[in-house]
Amino acid sequence: MIIGLTGGIATGKTTASLFFSEHGIPVIDADIIAREVVMPGKEAYEKIVAFFGTEILHADKTLNRVQLGEIIFNDTEKRLMLNKIVHPAVRLEMKKQAEQYLNAGHPFVIMDIPLLFESKLTHMVDQTWLIYTKPDIQLKRLMERDGYSEKQALSRIQSQMPIDEKKKLADIVIENNGTKAQLYENLMSLLTKTRKTDSIK
Ligand code: ATP
C-alpha cells in the first residue's frame with residue numbers, strides 16, 4: 001500500500017515522517033527527489049539547461065535555483081515549461097522507488113508530498129493521510145520555526161490550500177495540536193491499526 005502523507009506548511013509532516021522512518025517504514029520525500037532529479041547528468045537537468053541556457057548554472061555546473069526561481073516567478077510560460085520538465089521526472093522516480101520497496105517486501109511505503117492535493121497527485125497513492133494542525137497553532141509553529149513575522153507566515157500559509165479544506169479531502173486525519181508525544185501516540189495507534197488491517201487482507 002502506498003500512503004500519501006501530506007499537510008500544510010509546518011503542520012508536522014517532517015516530524016511524522018521521522019516517526020515512520022524510525023519504525024522501519026520507507027519514506028519517499030517528494031522535495032528531496034525534486035532536488036535529485038535536477039542534479040547534473042540527470043535527464044531533467046539536461047532538458048532545463050537546453051531550454052533555459054547555461055546562464056542558470058553555478059560555476060560548478062549545478063543549477064542556480066535562486067536565479068531559476070526568479071525567472072519563473074516573473075514568467076508564467078517558463079514556469080509551466082519548468083514544471084513540464086521536472087514534475088514527470090519526480091513522479092517517475094517516486095513510483096520507481098515505491099515499487100522497489102514494495103518488491104523488497106515492505107507492506108507500506110509513505111510518500112511525503114506537501115502539495116498532494118494542490119498538485120492533484122492523489123492518483124499516485126492508495127490512501128491519503130493528513131497531518132492536521134489548527135490554523136492558529138500552525139501559524140505559531142511556523143513563526144517559531146522559521147523566525148517569520150506574523151505577516152510573513154500568514155502569506156506563506158495563504159499561498160497553499162487551507163488546511164481545513166485539505167481535511168475534507170483526506171482519507172485519514174492525524175491530529176497534531178498537542179505535544180509531539182501526543183502526535184507520536186496518534187501515529188502509533190494508526191500504524192498498529194493499519195498493520196492489523198493489512199495482515200487480515
Ligand atoms: P514544512 O511543510 O514547512 O516542511 P512540516 O509539515 O514538515 O513543515 P515540521 O517541520 O515537522 O512540519 O513541523 C513544524 C515545526 O513545528 C517544527 O519546528 C516542529 O519541530 C514543530 N512541531 C511539530 N509538531 C509539534 C508538536 N506536536 N508540538 C510542538 N512542536 C511541534
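Modeller: A salt bridge is a side-chain nitrogen of Lys or Arg within 4 Å of a carboxyl oxygen of Asp or Glu. This is a predicted model, where local features need pLDDT of at least 70 and side-chain atom pairs 80 or more, while totals for chains, interfaces and linings use all residues. Residues are numbered from 1 along each chain as its sequence is written, and side-chain values use heavy atoms, without hydrogens or water.

Colleague: Thanks! How many salt bridges does a search of the whole structure find?

Modeller: One of them joins the side chains of Asp 146 and Arg 145, at 3.0 Å from N to O. The search of the whole structure gives a total of 8.

Colleague: In which helix do Glu 144 and Lys 140 lie?

Modeller: Their side chains meet in a salt bridge of 3.8 Å, N to O. Both residues are exposed (over 50% relative accessible area; buried is under 20%, partly exposed in between, with a 1.4 Å probe and protein chains only). They sit 4 residues apart, about one turn, in helix H6 (residues 135-146) (helices, H or I, of at least four residues and strands, E, of at least two are DSSP runs numbered from the N terminus). So the helix you want is H6.

Colleague: And what is the relative accessible area of Lys 168?

Modeller: Lys 168 forms a salt bridge with Glu 165, 3.0 Å from N to O. The two are 3 residues apart in helix H8 (residues 163-169), so about one helical turn separates them. Glu 165 is partly exposed at 37%, whereas Lys 168 is exposed, at 62%.

Colleague: On to the rings. How many residues apart in sequence are the parts that Phe 19 and Tyr 184 tie together?

Modeller: The structure holds 4 aromatic pairs (Phe, Tyr or Trp rings, six-membered for Trp, with centres within 6.5 Å; planes under 30 degrees apart are stacked, over 60 edge-to-face, the rest tilted). Phe 19 and Tyr 184 make a stacked one, 5.8 Å between centres and 20° between planes. Phe 19 lies in helix H1 (residues 13-22) and Tyr 184 in helix H9 (residues 180-200), so the parts they tie together are apart in sequence by 165 residues.

Colleague: Is Phe 19 buried or exposed?

Modeller: Its partner Tyr 184 is partly exposed, at 32% relative accessibility. Phe 19 has a relative accessible area of 4%, so it counts as buried.

Colleague: Which residue pairs with Phe 20?

Modeller: This pair is tilted, with 5.9 Å between centres and 50° between planes. It links helix H1 to strand S4 (residues 127-132), 109 residues apart. Both members are buried, and the partner of Phe 20 is Trp 129.
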